[in-house]
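Hello,

Here is the structure I promised to pass on to you. Please have a look at it first, and then read on for what turned up in it.

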Amino acid sequence: MAMVFRVFRIFRILQLEDFLVGFRKVDNVFRASMDVLKATGLMALIIWVGCGALFFIFEQSNPNWRECDESIPLRSSIENLEPGCYDFDTTAECVEYYGLGMCVQTSFTNMPDSLYYVAVFLGGEWGLVDFTWGGRFVCMFLCVIGIALYAIPVGTLFDSFGAVLGMSDDDDEDDES
């Protein structure tokens, strides 16, 4: 039982009651912005899954994400008439020609892998480049829409924060009169 009172002493030392007014204002900001934040979150989810599916469709056979065994040449040449790793349209054709385990697609191999990359792309990082034409259009879309997906909640929160602070200032002025 004494342990419980020691915990209360810690709260008293931290003087958390001074922060209650600030926490209430932040809570009011989030409550005022809740509808817009929910709508933006739903829009972000739809864009994330939709663009992940498009990347999976467009990039699943991109030879830039293909790795082949060291014994396989990268491209065919005049001396070597055997087709190289990047000469095949799909990884399946490369595997069919050279055998299982000789050619492996490294990125955009499944939907969770594509969703991971799209989440990184929406954050503004572009760790992978050299996309197909379809992938390039999805990238351009993500560049534009990614800015909006970050700007909408930030603008809404700032607007609500200004409104909440403005309301509390009016209340304080009425109390002083």
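Which helix supplies the largest share of the nonpolar patch? The answer is α2, with 3 residues. Before I go further, please keep in mind that this is a predicted model.

**The overall layout**

The protein has 5 helices and 2 strands. Going along the sequence, they come in the order α-α-β-α-β-α-α. Of the 177 residues in the protein, 26% are buried.

**The nonpolar patch**

The patch mentioned above lies on the surface and is formed by Val-26, Phe-30, Met-34, Phe-161 and Leu-165. Together these residues have about 390 Å² of accessible area. Two helices, α2 (20-59) and α5 (133-176), each contribute at least two residues to the patch. Leu-165 is one of the patch residues, and its place is in helix α5. With a relative accessible area of 31%, Leu-165 is partly exposed.

**A bent helix**

Helix α2 deserves a look of its own. How many residues does α2 have, and how far apart are its end C-alpha atoms? There are 40 residues, and the end C-alpha atoms are only 51 Å apart. A straight helix, at 1.5 Å a residue, would reach 58 Å, so α2 falls short of that span. If you follow α2 along, you will find a bend of about 60° at Met-34. Met-34 is also one of the residues of the nonpolar patch.

Not everything in α2 faces outwards: Val-29, Ser-33, Thr-40, Ile-47, Cys-51, Gly-52, Phe-55 and Glu-59 are buried. A general point helps when reading such a list: an α-helix has 3.6 residues a turn, so residues three or four places apart point the same way.

**Salt bridges**

The count of salt bridges comes to 2. One of them joins Arg-31 and Asp-27, with the closest N and O atoms 2.8 Å apart. Both residues belong to helix α2 and sit 4 residues apart, about one turn of the helix. Are these two partners buried or exposed? Arg-31 is exposed, with a relative accessible area of 59%, while Asp-27 counts as partly exposed at 33%.

In the other salt bridge, the side chains of Asp-87 and Arg-75 meet at 3.6 Å, N to O. Asp-87 and Arg-75 both lie in the loop between β1 (66-68) and α3 (91-98), so this pair ties together parts that are 12 residues apart in sequence. Each partner is partly exposed: Asp-87 has a relative accessible area of 32%, and Arg-75 has one of 49%.

**Aromatic rings**

How many aromatic pairs does a search of the whole structure find? The search finds 14. One of them is formed by Phe-88 and Tyr-97, which are tilted, with 5.6 Å from centre to centre and 45° between the planes. Phe-88 counts as buried at 12% relative accessibility, whereas Tyr-97 counts as partly exposed at 45%.

Phe-121 and Phe-131 form an edge-to-face pair, with 5.8 Å from centre to centre and 80° between the planes. This pair links distant parts of the chain, 10 residues apart: Phe-121 is in helix α4 (residues 111-122), and Phe-131 is in the loop between α4 and α5. Both of these phenylalanines, Phe-121 and Phe-131, are buried.

They also belong to one aromatic cluster, together with Phe-55, Trp-65, Phe-108, Tyr-116, Tyr-117 and Trp-126. Phe-55 is a link back to the bent helix, as it is among the buried residues of α2.

**Two unusual backbone angles**

Which residues have a positive phi although they are not glycines? Phe-108 has a phi of about 60°, and Asp-130 has one of about 65°. Phe-108 sits in the loop between β2 (103-105) and α4. At 0% relative accessibility, Phe-108 counts as buried, and it is a member of the aromatic cluster as well. Asp-130 is found in the loop between α4 and α5, which is also where Phe-131 lies.

I hope you enjoy looking through it.

Best wishes

How values were computed:
Residues numbered from 1 in each chain as written. Predicted model: local features only at pLDDT ≥ 70, side-chain atom pairs only at ≥ 80, totals over all residues. Heavy atoms only, no water. Patch = residues over 30% accessible without salt bridge, like charges linked within 9 Å, V, L, I, M, F, W, Y side chains within 5 Å. Areas by Shrake-Rupley, 256 points an atom, 1.4 Å probe, with all protein chains shown as cover. Salt bridge = Lys/Arg side-chain N within 4 Å of Asp/Glu carboxyl O. Buried < 20%, exposed > 50% of the residue type's maximum accessible area, 1.4 Å probe, protein only. Bend = angle between axes of the 7 residues up to and from the residue. Phe/Tyr/Trp six-rings, centres within 6.5 Å; stacked < 30°, edge-to-face > 60°.
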